[in-house]
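Thanks for asking me to look this one over. My comments follow as a short list, meant to be read alongside the structure.

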Amino acid sequence: MDLVTVKGLSKRYGGIVALSEATFSARAGEVHALLGENGAGKSTFIQILSGAVRHDGGSILVDGQDYRPANPDAAQARGIAAVFQELSLIPDLSVEQNIWFRHEPRTLLRTVNRAEMRRKTLALLDKYNFPALRPDQELRRLTLAERQIVEIAKGLAKDPRILILDEATSSLPAREAEWLLKLTRQLAAEGRLVIFISHRMAEVRAIADRLTIFRNGSTIAVHEANAVSDNEIVTQMIGRHLDRLYPERIATATDRIALRVKGLSSDSRLSGVDFALREGEVLGVGGLQGHGQRELFQALFGASKASGTIELWGKPVSIANPRQALTGEDGIALVPEDRRGQGLLLTKSVRENLTLSVIKRFTENGLLSRQKEAALVKEMVDFLRIKAGTPEQLAGTLSGGNQQKVIFGKMLLTQARVLLLYDPTRGVDVGTKGEIFQLMRDLAARGYAILFHSSDMPELVHVADRVLVMRNGHVAATLEGDRISEAGILRAAMLENEAA
Amino acid sequence: MNAFLARNRLVVLAYAGMVVLLLVTALFSPGFLSVSNMRSTVVLAAFVGIVALGQTFVIIGGGIDLSVPWVLNSAAIVMALLCGGQDLPLVWVMPLLLAGGAFIGLINGVGVAQFGVPPIIMTLATNVILQGLILVLTGGSPTPSAPALIQFLSVGRIGAFPVIALIWLALTLVATLLLSKAAFGRHLYALGTSATVAEFSGVPTARTTILTYVISGLTAAFAGMLLTGYSGQAYLGMGDAYLFTSIAAVAIGGASILGGSGHYLGTVAGAMVLTILTGLLPALNLSSGALLIVYGAVILLTVSIGSETFAGLGGKMRGKEG
């Protein structure tokens, strides 16, 4: 019998239909992938399942009994736990305090039983072979990837029969992502149901038994994973045929050096980074997570301090803050890692977000010209095909892919022609991913120079002209041509004596 | 303009509240809507409104200025002392004290933006320090009466209009231009919405923050001088009421106390609401104690309406994701 059966599930937000007559069913002991573009209704669906949101219509049966949780606690009481993309952790608490938050083991006096909590934490981490995590570490000191892992531990601590993983791999580096996939199979083998959401087809293929495809709030198809091709899946997800994800890689690099970095070092993780990025080139930055990629991008953008020399278009520059980085035609722009925390004003309009960096350009005698602004906003919305009702729509109400496009637009409006893209496709649906890759190639062809980091290795392999592999805070190898492969990147990232 | 109304529903709500309150007050106190009474209401509201102008900028930027009472009080007392009841010294005393107010704002702003001192602590400290300085300076003795020119600015009239109302109108225009029509306004809203996003977008966050506190110092000092004219002389403690009312006017005017939203046009309505309330309560035979209770309740009510609106919006955003 199915563990979960959903029929006719509907949910509206004001005038917006998030789910309409969606169906879903899944068994204990399977990994069930949920696929769909951003905005297809996946998030709403799992928010309903996990008790965060209540549905308007339809029915959910869990174990054959009606299920309508009033809140996440009620969902957990029925054995359903979710690990969301947006983390629910408290920065000031330790790893173990976060894992057992509100479910701490108690002593007879009702105080927290620390010894027991430590024991249970270690047992949990051990049982599922968690990557190195210290139970007493303060959460704010952890990287995004490590926090994601804590979030997973927190979900498992509730010993759920149904575990929902919402893009849990998207912020994990390759090795940890692989661990999570193994973990997922292990959980299914224990008789649990894992509902798995990912935009990475390879992962879905690797672990899912079955998959359900959502589009526009409805269920489009349910497949046995081994009985359907990638192409069919993508076509059903986006409702049209997508020629291919990765654009043709036409070499457009010139001999002109756009960005030259020498001996870039910092207190945090950078030790002597050297490389040159040419005009018209897409230069990938890979390696295991935590080897200085993030620090490199932040230092180049002036968001953190570093020593060493940086030359833009042949001129030495010192970049003390992002404002200096973005100024002028020889500027340098960043599409940051944390879309919601660093990239977008969620409660402001698409227009205000797009023009924020260049608003001075629309002033005459100190006063803004709305016409000028509106014209340029329209141009950028059309150019990037940003799907917003009007430019006045709040950025926070856009889908992830469209939010990312707004950030691209904001940076393209500056005159900077060196672009730093830090994981620009994270949590972006497959259709928009293709558009972003195409955009990168188009920009390169127009003379932009692009430094591109992705936590999804195939993207580096298929999109970048060359790939820098970082290890211990410096460039351990530069891969070109045929040497760009996942195996090549991993080898350079892990082996000490790989020739540069 | 439609877009402005749509995104500033709370500002519109503040005006609706103001009108309702006016009508209710008129019901209990039939003389309330008379020209002379409206005139004095506007004059009183102008003092709140001018102090709250700077406070509006600071709060939109995500901060708060608690140094307002003693910046105001210091300006009032120093002006009275320096002028000794004469008009002529005002030529240099007014610019000097405006610069002084701006300087206190600069200290507040630099402390917050460059040294990372939390705004509450920073401005509370400057407030207390100023209070101490003034006590040392005056030894608690009364000051000379206000110069006639200042009295004209605060209680005089040009035709049918109180001079201070015209000043307030001009300041409202300037504030509106700054918020709606200048790059500074865009930067300010971005800063208050998310300092990190603003920084990553190349907004001069430190300079913008500092400027808000400078504006607040300016308006508080200016209001202090005008208020001296209104009461005829400067006295210790004359700014105390303006700590609460300046923040309350901003909150009632629809700004989020956490920053990133609101408008000075809303604060204008907020200042009016607070002043009308002070007129309504005596009409209902309520004491000044009751006034404070109502003040507090109104703040709680408006801020909770505001945060509910924001919470609703937040929920919607989470819901629409994927």
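1. What is the mean pLDDT of chain B, and what percentage of its residues reach 70 or more? This is a predicted model, and chain B averages a pLDDT of 89, with 93% of its residues at 70 or more. For the model as a whole, the scores are ipTM 0.87 and pTM 0.80.

2. One stretch of chain B deserves your attention. Across residues 310-322 of chain B the pLDDT is below 50, and the model gives this stretch 25 contacts beyond near neighbours in sequence. Where pLDDT is low, the predicted coordinates should not be read in detail.

3. Now to the interface between the chains. Here 40 residues of chain A are in contact with 25 residues of chain B. On the chain B side, at least two residues each come from helix 9 (183-193), helix 10 (195-200) and helix 14 (288-320). Sorted by class, this side of chain B has 11 nonpolar residues, 8 polar ones and 6 charged ones.

4. Chain A comes in two parts: domain 1 spans 4-238 and domain 2 spans 257-494. Taken over C-alpha atoms, the centres of these two domains of chain A are 30 Å apart. Where they touch, domain 1 of chain A contributes 18 residues and domain 2 of chain A contributes 16 residues.

5. Staying with that contact, helix 6 (174-189) and helix 8 (230-238) of chain A each provide at least two residues of the domain 1 side. The largest share, 3 residues, belongs to helix 8 of chain A. In terms of class, the domain 1 side that touches domain 2 of chain A holds 7 nonpolar, 7 polar and 4 charged residues.

6. You may also like the sheet in chain A. Its 4 strands form an open sheet in the order 2-1-4-5, with antiparallel pairing. Strand 2 (16-26) and strand 5 (65-66) of chain A each have a single partner strand, so they stand at the edges and one side of each is left without a neighbour in the sheet.

7. Further into the pairing, strand 1 (residues 4-13) and strand 4 (residues 57-62) of chain A run antiparallel to one another, joined over 5 bridges. If you want a residue pair to look up, T5(A) has L61(A) in strand 4 of chain A as its bridge partner.

8. Finally, a helix packs on this sheet region: helix 1 (residues 42-49) of chain A lies across strand 1 and strand 2 of chain A. Relative to strand 2 of chain A, helix 1 of chain A runs at about 65°.

Conventions:
Residues numbered from 1 in each chain as written. Chains lettered and ligands numbered in written order. Predicted model: local features only at pLDDT ≥ 70, side-chain atom pairs only at ≥ 80, totals over all residues. Contact = placed C-beta atoms within 7 Å. Nonpolar A, V, L, I, M, F, W, Y, C, P; charged D, E, K, R; others polar. Pairing = 2+ DSSP bridges. Axes fitted to C-alpha atoms, helices over the stretch in contact; angles between N-to-C directions. pLDDT = per-residue confidence, 0-100. Domains from an automatic or database assignment.
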